[in-house]
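I sat down with this model to look up its aromatic rings and its nonpolar cores. My notes are kept in the order I checked things.

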Amino acid sequence: MDKVVIENINLNWFQKKRIKRKIYKNLKNHPLCEGNIKSTYHIDVHLHNSSEFKCLKNKIVETSFKVFKRDFFVTAMWANVGSHGSKVVKHNHIIDEISGYPCDEYFKIFGVSGVFYLNKPELSGNIIFDDHVLEVEEGDLLFFSPYMNHSTEINKSKNDRVVVSFNGFFT
């Protein structure tokens, strides 16, 4: 996969509320983030296995099949919550720059990464892929190569930007 694919998906208000409740209970600082941004990354990268995230996981699999005609298997899922002044610094999903731990060989060959914009207030910033800003909206689900360097613009909103990230592969 050498490009970013965007599809907008809908979760109802109850599904969003359950997901946000789970996220906000499990937040900690993340070294790849600047400003007041918290993440579940070092606490729980298996959100996809929780009942609160079943609806989102199913939407990811359904969307994968609709767009790529292939099923998708989620291997990791975490969330970032960025408040005013925060951003995610440039990184990719092939190597954990904090621990230096590389992903496995299977993921290097067949892996796919993605993000879902659960909460995207106006002025909260967009995602940047290989130094190109890609405008996104609340409800957008993105699939991209784990090799692609990406970051975010600074959140200039007074409200939190809530993004759920994931890794996996097509089956």
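Below are my entries on ring pairs, cores and one loop residue.

**Ground rules.** I am working from a predicted model, where local features need pLDDT of at least 70, side-chain atom pairs count only at pLDDT 80 or more, and totals for chains, interfaces and linings use all residues. Numbering runs from 1 along each chain as its sequence is written, and side-chain values use heavy atoms, with hydrogens and water left out.

**Rings.** I looked up the aromatic pairs and got 12. A pair here is two rings of Phe, Tyr or Trp (its six-membered ring) with centres within 6.5 Å; planes under 30 degrees apart are stacked, over 60 edge-to-face, and the rest tilted.

I checked Phe-68 with Phe-170: the centres are 4.9 Å apart and the planes sit at 55°, so I wrote the pair down as tilted. Phe-68 belongs to helix H2 (residues 54-68) and Phe-170 to strand S12 (residues 161-170), so this pair links distant parts of the chain, 102 residues apart. Helices (H or I, at least four residues) and strands (E, at least two) are DSSP runs numbered from the N terminus.

Is Phe-170 buried or exposed? It is buried, at 12% relative accessible area. The cut-offs are under 20% for buried, over 50% for exposed and partly exposed in between (1.4 Å probe, protein chains only).

Next I took Phe-72 and Phe-143, an edge-to-face pair at 5.7 Å centre to centre with 75° between the planes. This one also links distant parts of the chain: Phe-72 is in strand S5 (residues 72-82), Phe-143 in strand S10 (residues 140-144), 71 residues apart. Both Phe-72 and Phe-143 are buried. Ring pairs join these four with Phe-166 into a cluster.

**Cores.** I then pulled up the largest nonpolar core, which has 24 residues. A core means buried Ala, Val, Leu, Ile, Met, Phe, Trp, Tyr and Cys joined through side-chain atoms within 4.5 Å. Ile-23, Leu-56, Ile-60 and Met-77 have the most contacts inside this core. At least two residues each come from helix H1 (13-25), H2, S5, strand S7 (111-119), S10 and S12. S5 gives the largest share, 5 residues.

I followed Leu-56 outward: leaving aside residues up to four places away in sequence, Leu-56 touches Ile-9, Leu-11, Ile-19, Met-77, Phe-116 and Val-164. Contact means heavy atoms within 4.5 Å.

A second, separate core has 9 residues, including Val-115, Tyr-117, Phe-129 and Phe-144.

**Loop.** Last, I found Glu-122 in the loop between S7 and strand S8 (127-129). Glu-122 counts as exposed, at 70% relative accessibility.
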